[in-house]
Amino acid sequence: MLALVATGVLGWYVYDMRGSVAAVREEVAQRLTAGESAVTEYRALGRQQQETIAALQGKLGALEAQVAATEGQAAALETLYQQFSRTREDRVIAEAEYAVAMAVQQLQLAGNAEAALIALQGAEARVAAQDAGQLLPLRRALARDIEMLKAAPQVDVPGIALRLEGLLERTDTLPLAFAGELAAQPSVDTGDGAAAAPAAATPSPMDFIQRIAHEVWHEILALVRIERLDQPEPVLLAPAQSTYLRENLKIRLLTARLALLARDGRTFSADLAQAQTWVGRYFDKRDAKVQETLSELAALAAMPVKVEQPAPVESVAALRLLQARAGEASRNAPPLAIPPAAPPAEVPAKGSAAQQPAGATR
């Protein structure tokens, strides 16, 4: 009985144990199934995260490449801007140098202070438009040279040329000396004839006697002639010679005007002195036009046509200094190198990004 009871208890216990083991197996199987599904989900999430990380790494590489390319382009643009700035300054310096050279030529060769002043003012305006601090000494030197030229004495070339033009126009109207003498003698004879005309109208014995006495008296006066030795006789000229005289006088005045434009004071004075000599010798000094012409020629001959003008020394020195600095800067400047733009990094595809982590996981 005890054995049967023990066997029954043992059988029940074994049956109970089998039921418990089955329940445990079933629970373990469920848990294993749930773990496998969770692992599968975790693997999928891991793959997605790996794909996301790979995509972000690709984008980060592309951004880094773009940042590097942008930095290189910014450096290249900075270098280009510096070189362009230097090129503009060099162009302004070259234009100022050309203007100063033109001013020096006008002052030294032609003595034309007005043209030199215009050239310097144009250079000063060009430098002022640049508005660069390194060009300030050049602008200051140009301003000083402009003020020095304005303060220097000037020759009124247009006014003197107009006065010479007036003398040229007056040349054809000046009376010759012998023509004035010939015109003065008939005036006396005509006066005697006019006085004798009324007597001839009513002849009488007393008029006849007076006419005979008058003729005798004129014959007696013709035997005596009074001349002044301190005044030369007027030169007799043929009509062709008179024309040549007037043309030569015009040529002298024209050469004097050319000498005025060339600032040749010696030739200017010599031509006017020769013209004054001809006018005083061959033309009637008693005429008002001749006297005015002689006084005008004397006044023009006394005028200086060449005045020493100051040279723009300070502007030339400032230009030389700027050119020396520009040459030194160009020698020390690094060569321009523009880096090529980096190609954008390719973003890996989803499948390839997923395969690589999966292989690594495996």
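The legends below accompany close-up views of a predicted model.

**View 1. The protein chain as a whole is built from helices, with eleven helices and zero strands.**
Read along the sequence, the chain of this predicted model follows the pattern α-α-α-α-α-α-α-α-α-α-α, and a reader who is new to the structure can use the helix numbers as landmarks in the views that follow. Of the 362 residues in the protein chain, 24% are buried. The structure also holds twelve salt bridges, and some of them are taken up in later views.

**View 2. Helix 2 and helix 3 cross at roughly 155°.**
Helix 2 covers residues 113-130, while helix 3 covers residues 136-151. The axes of the two helices come within 9 Å and cross at roughly 155°, which makes helix 2 roughly antiparallel to helix 3, since an angle over 145 degrees counts as roughly antiparallel. The crossing of helix 2 and helix 3 is left-handed.

**View 3. Gln130 of helix 2 and Glu89 have C-alpha atoms separated by 7.7 Å.**
Gln130 lies in helix 2 and, with a relative accessibility of 15%, counts as buried, because the limit for that class is under 20% relative accessible area. Along the chain, Gln130 and Glu89 are 41 residues apart, yet the separation between their C-alpha atoms is 7.7 Å.

**View 4. A salt bridge joins Glu314 to Arg144.**
In this pair the closest N and O atoms are 2.3 Å apart. The salt bridge links distant parts of the chain, with Glu314 in helix 10 (residues 313-332) and Arg144 in helix 3, 170 residues apart. Both partners fall in the partly exposed class: Glu314 has a relative accessible area of 36%, and Arg144 has a relative accessibility of 41%. As a general point, side chains of opposite charge can pair when their charged atoms come close.

**View 5. Asp172, Glu247 and Lys250 are linked in a network of salt bridges.**
Within this network, Glu247 forms a salt bridge with Lys250, and the closest N and O atoms of that pair are 4.0 Å apart. Glu247 and Lys250 are three residues apart in helix 7 (residues 239-261), so about one helical turn separates them. The two residues are covered to unlike extents, for Glu247 is partly exposed at 38% relative accessibility, whereas Lys250 is buried with a relative accessible area of 18%.

**View 6. Arg252 of helix 7 forms a salt bridge with Asp271 of helix 8.**
The closest N and O atoms of Arg252 and Asp271 are 2.9 Å apart. This pair links distant parts of the chain, since Arg252 belongs to helix 7 and Asp271 to helix 8 (residues 265-282), with their positions 19 residues apart in the numbering. Arg252 is partly exposed, its relative accessible area being 28%, whereas Asp271 is buried, with a relative accessible area of 5%.

**View 7. Helix 9 is crossed by helix 8 at roughly 160° and by helix 4 at roughly 150°.**
Two packed helices are described by the angle between their axes and the distance between the axes. The axes of helix 8 and helix 9 come within 9 Å and cross at roughly 160°, an arrangement that makes helix 8 roughly antiparallel to helix 9. Helix 8 passes helix 9 in a left-handed crossing. For helix 4 (residues 157-170) and helix 9 (residues 288-301), the axes come within 11 Å and cross at roughly 150°. Helix 4 and helix 9 are therefore roughly antiparallel to each other, and their crossing is left-handed.

**View 8. A nonpolar patch of about 790 Å² lies on the surface.**
The residues that make this patch are Met206, Phe208, Ile209, Ile212, Val216, Trp217, Ile220 and Leu221. One of them, Val216, has its place in helix 6 (residues 205-222). Val216 is partly exposed, with a relative accessible area of 45%, and this value fits its inclusion because residues in a patch need over 30% relative accessible area.

Notes. Residues are numbered from 1 along each chain as its sequence is written. This is a predicted model: local features need pLDDT of at least 70, side-chain atom pairs count only at pLDDT 80 or more; totals for chains, interfaces and linings use all residues. Side-chain values use heavy atoms; hydrogens and water are left out. A salt bridge is a side-chain nitrogen of Lys or Arg within 4 Å of a carboxyl oxygen of Asp or Glu. Helices (H or I, at least four residues) and strands (E, at least two) are DSSP runs, numbered from the N terminus. Buried means under 20% relative accessible area, exposed over 50%, partly exposed in between (1.4 Å probe, protein chains only). Patches are made of residues with over 30% relative accessible area and no salt bridge: like charges are joined within 9 Å, nonpolar side chains (Val, Leu, Ile, Met, Phe, Trp, Tyr) within 5 Å. Accessible areas come from the Shrake-Rupley method with a 1.4 Å probe; for residues, only the protein chains shown count as cover. Axes are lines fitted to C-alpha atoms, for helices over the stretch in contact, and angles run from 0 to 180 degrees between N-to-C directions. Angles under 35 degrees count as roughly parallel, over 145 as roughly antiparallel, 65 to 115 as roughly perpendicular and the rest as oblique. A crossing is left-handed if the near helix is turned anticlockwise from the far one by less than a right angle, and right-handed if clockwise.
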